Amino acid sequence: MIKAIFFDVDGTLLSHTTKSISQDTVQALRTLQDQGIRIFMATGRHSAELDRLPVHDIRFDGYITLNGQLCLDNRGNVIYGAPFNESIREKLLSAFCERRYPLALVEADRIYINYVNDTVRKAQQSISTPVPEISTYKGGQIYQATAFLTRQEETEAEKFIPSGCRFARWCDNGVDIISEQGGKVDGIKYFCDLYGIDSNEIMAFGDAENDIDMLKTAEIGVAMGNAVECVRKCADYVTSDVDNGGIVKALRYFHLV
């Protein structure tokens, strides 16, 4: 029996064609909660970005942000955090200052970037979000970094990321830098432990490469119809795309609504 469902945001809950979440999807989420099924957001985004999006109108039972590095309760309070250690932070800061490529550093309360180019603009436009603030690092804890690189540039840039980190791609022009042991699955494990939910009692929806581990971990991993091919291949079920009622159709297929 499914007791919890984890939802990616961009391209899964949120359409960047309509810049909204369909009302059918919103109603389905409320129906799930009415039935006692917990719903969680699982995103690579920062909470400050989520505040600008229509998802803030939905009260989730918890929020996995920054690819599992920072988890929030249903009121948006931080309840779990896994910042980078000092060694990784210093290496990211070095890359930030060297300006080999656009790099954003993500703290609990803010995001800032070393410089902006067309790759940054394209990546941020694809998720309907302004570019981060160009600023100087002030010394806070870093939970995630984002490199703005094309897929062709990624291979070359991998040599510059700190040992113990890996890339988690979320669009053609952007990859998050997270801990090798990190990812949305860390957040899922945290909430499952918190609420006494087993892995065979969860379902997950996603569309991007940073969702693959999450879909593999869930008892039922659902790829959106608009998901990239590698995500579709690892899913248990492929539904319609985000602009064609994909979430609602999958929930109906599995008799959850």
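## A walk through the predicted model

In helix H9 (residues 246-253), Gly246, Ile247, Val248, Ala250 and Leu251 are buried. Buried here means under 20% relative accessible area, exposed means over 50%, and partly exposed is in between, with a 1.4 Å probe and protein chains only. Helices (H or I, at least four residues) and strands (E, at least two) are DSSP runs, numbered from the N terminus. This is a predicted model, in which local features need pLDDT of at least 70 and side-chain atom pairs count only at pLDDT 80 or more, while totals for chains, interfaces and linings use all residues. Residues are numbered from 1 along each chain as its sequence is written, and side-chain values use heavy atoms, leaving out hydrogens and water.

What do the buried residues of H9 pack against? Their partners are strand S1 (4-7), helix H1 (23-34), strand S12 (202-206), S13 and S14. Contact, in this text, means heavy atoms within 4.5 Å. Just after H9, His255 has a positive phi of about 60°.

Several of those strands belong to an open sheet of 8 strands, ordered S5-S4-S3-S2-S1-S12-S13-S14, with mixed pairing. At its edges are S5 and strand S14 (237-238), each of which pairs on one side only. Two strands count as paired if DSSP finds at least two bridges between them. Strands of a sheet pair through backbone hydrogen bonds, either parallel or antiparallel. S1 and S2 run parallel and share 4 bridges; Ala4 has Arg38 in S2 as its bridge partner. Strand S2 (residues 38-42) has 4 of its 5 residues buried, so it is largely enclosed by the rest of the structure. Towards the S14 edge, strand S13 (residues 220-223) pairs with S14 in the parallel sense over 2 bridges, and Ala223 stands opposite Val238 in S14.

Now for the other sheet. It is open too, with 6 strands in the order S8-S7-S6-S9-S11-S10 and mixed pairing. Strand S8 (133-134) and strand S10 (165-171) are the edge strands, each pairing on one side only. S8 is joined to strand S7 (residues 111-113) by 2 bridges, and the two run parallel; there, Ile113 stands opposite Ile134 in S8.

Next, look at Phe84, in the loop between strand S5 (78-81) and helix H3 (86-98). Is Phe84 buried or exposed? Phe84 is buried, at a relative accessible area of 9%. Setting aside neighbours within four places in sequence, Phe84 contacts Arg89, Leu92, Ile142, Tyr143, Gln144, Ala145, Cys165, Ile177, Ile178 and Ser179.

On the surface, Ile79, Leu194 and Tyr195 make a nonpolar patch of about 240 Å². Patches are made of residues with over 30% relative accessible area and no salt bridge, joining like charges within 9 Å and nonpolar side chains (Val, Leu, Ile, Met, Phe, Trp, Tyr) within 5 Å. A salt bridge is a side-chain nitrogen of Lys or Arg within 4 Å of a carboxyl oxygen of Asp or Glu. Tyr195 lies in helix H6 (residues 184-195) and is partly exposed, with a relative accessible area of 32%.

Finally, the cysteines. With a disulfide defined as a pair of cysteine sulfur atoms within 2.5 Å, the count is 0 disulfides. Cys97 is in no disulfide, and the nearest cysteine sulfur, that of Cys165, is 16 Å away; Cys97 is exposed at 54% relative accessibility. Why is Cys192 without a bond? Its sulfur is 11 Å from the closest cysteine sulfur, in Cys71, which is too far for a bond. Cys192 is buried, with a relative accessible area of 7%.

Definitions and conventions
Areas by Shrake-Rupley, 256 points an atom, 1.4 Å probe, with all protein chains shown as cover.
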